[in-house]
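Me: I'd like to talk through this one with you, starting with how the helices pack and moving on from there.
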Amino acid sequence: MRAGGGAVREDFQEIARLVAPDSRVLDVGCGEGTLLELLAREKGVEGRGIEISPEGVSACLARGLAVMQGDADRDLDYFPAGSFDYVILSQTLQAVLRPRHVLGELLRIGDKAIVSLPNFGHWRVRLDLVTKGRMPVTGALPDPWWATPNIHLCTMGDFTALCDDLDLAIEACAALTAGRPARPTNPKGRLENWRAEAALFVLSRRPAP
Amino acid sequence: MNELDTLEAAGGEVMRFAADQALELESGSRIEGLEVAYRTFGRLNDERSNAILVCHALTLDQHVAGRHPLTGKPGWWSRLVGPGLPLDPARHFIICANVVGGCMGSTGPSSINPATGEAFGLAFPMITIADMVRAQAMLVSALGIERLFAVVGGSMGGMQVLQWAVDYPERLFAAVCIAAAARHSAQNIAFHEVGRQAIMADPDWRGGDYAAVGVRPEKGLAVARMAAHITYLSEAALQRKFGRELRHDGLSFGFDADFQVESYLRHQGATFVDRFDANSYLYITRAMDYFDLTDAHPEGLAGAFRRAKAVRFCVFSFTSDWLYPTAESRAIVRALNAAGARASFVEIDSDRGHDAFLLDEPVLRDALGGFLGSAALAWSRP
């Protein structure tokens with residue numbers, strides 16, 4: 001289910017940097033387990049995965065990872081509240097049926113959520129729409145509209161507004177551009193909403209007032 | 001020498017337990033002089049760390065690989081147990097034992113009751129899945145194995161795997177539960193009741209004492225098997241295999257087997273009675289009906305699994321299995337997660353129904369191989 005192609009794998013390195021050593025991590029949409037393996041190797045995390053494709057699940061099992069076949073829309077309720085230190089949803093939120101519900105679930109089962117997604121506010125996307133009047137096809141959004149798994153695209157501005165609505169704190173934000181290291185950034189900066197091809201957010205629940 | 005012959009060489013054996021090693025049953029009864037028939041494949045390594053126990057389904061037996069002595073057919077899991085397969089005698093010491101209550105050499109209702117010198121019949125005590133597992137644990141101990149590398153099973157075998165994890169979590173490293181459930185549903189119990197009533201309605205059943213008069217309730221047992229067999233298949237599999245195909249040109253306008261599917265079921269029933277005992281069928285189906293791990297702990301299934309946190313679980317289901325549907329496996333996985341256990345889950349896309357766990361399913365083979373391979377690496381690391 002993870003979409004976006006090779007352009008945004010920089011988020012793996014950034015996630016590995018952000019995650020605290022020896023923490024418990026759930027990777028939702030873990031594919032063949034590349035990120036979980038990286039986190040286990042570099043940070044000693046105790047990882048779990050959810051993956052929709054049987055091939056991905058088989059690959060994870062062969063790597064010794066604990067993975068459940070399932071999807072983010074339906075199967076997050078498997079986990080009790082507070083099961084994990086981090087729940088990761090990398091390049092997947094835009095492809096789920098109920099992004100708002102999923103986002104809430106991530107922060108029910110995890111103390112923190114790490115979410116990355118393509119930014120539909122990127123200047124190239126806007127330019128494509130303005131000049132061609134066609135749905136943009138970019139490095140972060142490589143598929144034509146009729147074939148894309150990305151059914152809930154949003155801009156950084158849209159996403160931060162949803163976080164506010166759900167009363168989630170954005171603890172960190174990084175802009176992701178293909179081929180370059182992740183760059184810490186202001187999640188609500190107007191300019192950033194033009195510049196970032198994709199963005200990664202570390203979210204937590206706001207402490208009760 | 002072909003592969004089957006190599007496996008055959010391991011042979012079948014019977015473990016006889018001394019009178020002071022009685023099997024204490026959940027019902028409060030006990031079985032003295034317990035016998036457990038089993039087969040092994042491969043060799044136990046010096047560290048005694050490569051033993052895999054395979055638990056069999058309702059009407060199967062210890063002949064998981066090699067050749068079956070009665071039917072002459074290859075072992076029931078020869079697609080998964082053998083050279084180069086996920087359970088490999090070159091790497092693993094594979095044990096498969098006939099369940100207590102069975103009819104392939106382990107103590108069961110057709111065994112001789114020492115008190116009467118006749119077959120037990122209905123004098124045999126009621127057994128449960130937990131009792132089967134306790135007998136297996138006795139066998140594993142008698143074979144000098146403290147901790148199993150893995151316990152693996154499908155259907156009723158999968159229920160035993162779960163029971164192992166609940167009752168003896170410190171005695172297994174990995175657990176593989178395939179096409180099973182943590183409790184028998186109303187529908188499961190209902191189908192079993194049809195089978196039992198068919199057996200008991202056969203005049204040759206004689207209140208369970210048919211052995212004394214040298215008859216067998218073959219008709220009843222065959223009907224039980226026919227009904228059960230339908231539950232092992234999917235509608236799509238039956239339709240694909242038979243459709244409305246006739247055995248001869250035209251209808252007979254009678255009650256002979258006009259349709260291929262009728263003939264197939266009759267054949268399934270007829271061959272089953274040659275290798276299975278009717279009373280064993282009653283006792284084992286009852287044991288399955290009584291199975292309910294969700295009731296075993298005040299905190300439900302998750303509570304039952306709490307002691308098994310250190311066990312690596314892998315749960316498999318098949319999309320078209322309506323006997324133990326995916327929802328049942330998901331309930332198991334949910335409880336394992338709630339208990340904080342290390343659980344993996346694979347739902348395999350197959351239209352072959354419950355029986356898929358016995359058939360050629362490459363995803364099952366590959367995923368099981370990957371799971372056991374990585375688990376073996378994890379166990380060998382200090």
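Me: Is the crossing of helix 4 of chain B and helix 5 of chain B left-handed or right-handed?
Reply: In this predicted model, the crossing of helix 4 of chain B and helix 5 of chain B is right-handed.

Me: And at what angle do those two pack?
Reply: Helix 4 of chain B, residues 186-201, and helix 5 of chain B, residues 218-232, have axes 7 Å apart and pack at an angle of about 165 degrees. Angles over 145 degrees count as roughly antiparallel, and helix 4 of chain B and helix 5 of chain B are therefore roughly antiparallel to each other.

Me: Which residues of helix 4 of chain B and helix 5 of chain B meet?
Reply: Helix 4 of chain B brings B:F191, B:V194, B:G195, B:A198, B:I199, B:M200 and B:A201, while helix 5 of chain B brings B:G220, B:L221, B:V223, B:A224, B:A227, B:A228 and B:T231. Sorted by class, the contact of helix 4 of chain B with helix 5 of chain B has 11 nonpolar residues, three polar ones and no charged ones.

Me: What about helix 2 of chain B and helix 3 of chain B, at what angle do they pack?
Reply: The angle between helix 2 of chain B (residues 129-142) and helix 3 of chain B (residues 156-167) is about 70 degrees, and their axes are 9 Å apart. An angle of 65 to 115 degrees counts as roughly perpendicular, so that makes helix 2 of chain B roughly perpendicular to helix 3 of chain B. On the side of helix 2 of chain B the contact is made by B:I129, B:A130, B:M132 and B:V133, and on the side of helix 3 of chain B by B:M159, B:Q160, B:Q163, B:W164 and B:D167. Those residues divide into six nonpolar, two polar and one charged.

Me: Changing topic, how many residues does each chain give to the contact between chain A and chain B?
Reply: Chain B gives 22 residues to that contact and chain A gives 14. On chain B, helix 10 (326-338), strand 10 (342-348) and helix 11 (362-380) each supply at least two residues of the side that touches chain A, with the largest share, nine residues, coming from helix 11 of chain B. By class, this side of chain B has 12 nonpolar, five polar and five charged residues.

Me: How do helix 3 of chain A and helix 11 of chain B cross?
Reply: The axes of helix 3 of chain A (residues 54-62) and helix 11 of chain B come within 7 Å and cross at roughly 25 degrees, which makes helix 3 of chain A roughly parallel to helix 11 of chain B. This crossing of helix 3 of chain A and helix 11 of chain B is left-handed.

Me: Which residues of those two helices, helix 3 of chain A and helix 11 of chain B, meet?
Reply: From helix 3 of chain A they are A:P54, A:V57, A:S58, A:L61 and A:A62, which meet B:V363, B:D366, B:A367, B:G370, B:F371, B:G373 and B:S374 in helix 11 of chain B. The contact of helix 3 of chain A with helix 11 of chain B has seven nonpolar, four polar and one charged residues by class.

Me: Where are the domains of chain B?
Reply: The domain assignment of chain B gives domain 1 as 3-184 + 291-380 and domain 2 as 188-286, and the C-alpha centres of domain 1 of chain B and domain 2 of chain B lie 26 Å apart. Their contact takes 27 residues from domain 1 of chain B and 22 residues from domain 2 of chain B.

Me: Last thing, what ipTM and pTM does the predictor give the complex?
Reply: The predictor gives the complex an ipTM of 0.86 and a pTM of 0.92. Chain B averages a pLDDT of 94, although over residues 1-10 of chain B the pLDDT is below 50. Chain A has a mean pLDDT of 91, and over residues 1-8 of chain A the pLDDT is below 50.

Conventions
Residues are numbered from 1 along each chain as its sequence is written. Chains are lettered from A and ligands numbered from 1 in the order in which they are written. This is a predicted model: local features need pLDDT of at least 70, side-chain atom pairs count only at pLDDT 80 or more; totals for chains, interfaces and linings use all residues. Domain bounds come from an automatic or database domain assignment. Two residues are in contact if their C-beta atoms, placed from the backbone, lie within 7 Å. Helices (H or I, at least four residues) and strands (E, at least two) are DSSP runs, numbered from the N terminus. Ala, Val, Leu, Ile, Met, Phe, Trp, Tyr, Cys and Pro count as nonpolar, Asp, Glu, Lys and Arg as charged, and the others, Gly among them, as polar. pLDDT is the predictor's confidence in each residue, from 0 to 100. Axes are lines fitted to C-alpha atoms, for helices over the stretch in contact, and angles run from 0 to 180 degrees between N-to-C directions. Angles under 35 degrees count as roughly parallel, over 145 as roughly antiparallel, 65 to 115 as roughly perpendicular and the rest as oblique. A crossing is left-handed if the near helix is turned anticlockwise from the far one by less than a right angle, and right-handed if clockwise.
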